[in-house]
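Hi,

Here is the structure I promised to pass on. Have a look at it first, and then read my notes below.

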Amino acid sequence: MTLSMPADNISLEDLEAAIARFRAGGSLATPSEVLLLPCWRDEDWKQLFRFTSIRRAMAGNALIRRGEPDRTLYFVLHGELEVIVHSGDGVTMGRVSLVGVGSVLGELAFFDGGPRSAGAWAVEDCEVAAMTPDQYATFEQSSPALARELIFALGRILAIRLRRTTAKVVG
C-alpha cells in the first residue's frame, strides 16, 4: 500500500516555526507531560511535522469531543488546553489536566481506535499539529527508526497519565 503526503501539510516556514514553538514549550512544561525525544535534531522534528497539518482552536472552543470516533493525535504548538471527563452521572464534568506546548493530546484513541474518552477545550487560543493514523503510517514508511522512537515517547506519556489517574482513584 502506498501512502502519500497529506495535501494540507505544513509549509517550510510554518514547519520551522512549529518545531521551535514545540521544542521551546517542552522545556517549560511539566516534565511528565512533555514529549521527550532528547536525541532528535531539528531535521528529525521536521520529518515528523511534515506528516501533520496545522489546526487552530479559539479560546473556549473544543478541540476534542468525548465519544467522537476520531483517532487524530495532536501535538500542542501554542496555547493550553483543558482535558475534561464526564462523571458516572454523565452530566458532571471534571478537569483531568491542563496540557500545554510541547505535549500531546489524543494518544489513547490514536492507539486503541476507540471513541474519545475525554474532551479537550482551548483555555486560550491554541495551535496544534494534527496527525492521523494514515499520516503516521506514511511517516513510519519514510522514517521507521524515528517512528519507533515516537511510539515509545507516546507510550511513556500514556503510562504516566495512567499512573496519575490510578493514583487519584486509589489515593
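**What I found**

Let's start with a loop residue: setting aside neighbours within four places in sequence, Leu36 is in contact with Ala153 and Arg156. Keep in mind throughout that this is a predicted model. Leu36 sits in the loop between helix 1 (12–28) and helix 2. Is Leu36 buried or exposed? Neither label fits, because its relative accessible area is 42%, which makes Leu36 partly exposed. There is a long-range link here too: Leu36 and Leu150 are 114 residues apart in sequence, yet their C-alpha atoms are 8.8 Å apart in space.

**The overall picture**

Now zoom out. The protein has five helices and eight strands. If you walk along the sequence, they come in the pattern α-α-β-β-β-β-β-β-α-β-β-α-α. The protein has 171 residues, and 42% of them count as buried. Among contacts with a separation of 6 or more, 78% are between residues 24 or more positions apart.

**Helix 2 and its tryptophan**

Follow the chain on from Leu36's loop and you get to helix 2. Helix 2 is mostly covered, with six of its eight residues buried. The buried ones are Asp44, Trp45, Lys46, Gln47, Leu48 and Phe49.

Trp45 is a good one to click on in this helix. Why does Trp45 count as buried? Its relative accessibility is 3%, and buried means under 20%, so Trp45 qualifies. Which residues does Trp45 touch, not counting those up to four places away in sequence? The answer is Ile19, Phe22, Arg23, Leu35, Leu37 and Trp40. As for Ile19, its C-alpha atom is separated from that of Trp45 by 6.4 Å, although the two residues are 26 apart along the chain.

**The sheet**

Next, try tracing the open sheet of four strands. Its order is 1-8-3-6, and the pairing is antiparallel. Which strands are at the edges? They are strand 1 and strand 6, since each of them pairs on one side only.

Here is the sheet, one pair at a time:

- Strand 1 and strand 8 run antiparallel and are joined by five bridges. Ile54 stands opposite Ala129 of strand 8.
- Strand 8 and strand 3 also pair in the antiparallel sense, over five bridges. Val76 has Val128 in strand 8 as its bridge partner.
- Strand 3 and strand 6 (residues 104–105) run antiparallel, with two bridges between them. Phe75 stands opposite Val104 in strand 6.

In case you haven't met this before, strands of a sheet pair through backbone hydrogen bonds, either parallel or antiparallel. Strand 3 (residues 73–78) is mostly covered, and five of its six residues are buried.

**One side of helix 4**

Turn to helix 4 (residues 133–142), where Gln135, Tyr136, Thr138 and Phe139 are buried. Why are these four on the same side of helix 4? Because they cover an arc of only 160° around the axis. What covers them includes helix 2 (42–49), strand 1 (53–57), helix 3 (107–112), strand 8 (126–131) and helix 5 (144–170).

**The largest pocket**

There is about 560 Å³ of space in the largest pocket. It is lined by 23 residues, and the closest to its centre are Val83, Glu107, Leu108, Ser117 and Ala118. The elements that give two or more residues to this lining are strand 4 (80–86), strand 5 (93–100), helix 3, strand 7 (119–122) and helix 5. Which element gives the most? That would be helix 5, with seven residues. By type, the lining divides into 13 nonpolar residues, five polar and five charged.

**One last loop**

Finally, find Gly67, in the loop between strand 2 (62–64) and strand 3. Gly67 has a relative accessible area of 45%, so it is partly exposed. Apart from neighbours within four places in sequence, Gly67 is in contact with Pro115 and Arg116. The C-alpha atoms of Gly67 and Ser117 are separated by 6.3 Å, with their positions 50 residues apart along the chain. You have already met Ser117, which is listed among the residues closest to the centre of the largest pocket.

Cheers

Terms used
Residues are numbered from 1 along each chain as its sequence is written. This is a predicted model: local features need pLDDT of at least 70, side-chain atom pairs count only at pLDDT 80 or more; totals for chains, interfaces and linings use all residues. Side-chain values use heavy atoms; hydrogens and water are left out. Buried means under 20% relative accessible area, exposed over 50%, partly exposed in between (1.4 Å probe, protein chains only). The arc is that of the directions from the helix axis to the C-beta atoms. Contact means heavy atoms within 4.5 Å. Two strands pair if DSSP finds at least two bridges between them. On a 1 Å grid over the protein atoms alone, a cavity is a set of points where a 1.4 Å probe fits but cannot get out, and a pocket is an open set with protein on both sides within 12 Å along at least five of seven lines; lining residues have an atom within 4 Å of a point. Grid points are joined across faces, edges and corners, and a volume is the space filled by probe spheres set on the points. Ala, Val, Leu, Ile, Met, Phe, Trp, Tyr, Cys and Pro count as nonpolar, Asp, Glu, Lys and Arg as charged, and the others, Gly among them, as polar.
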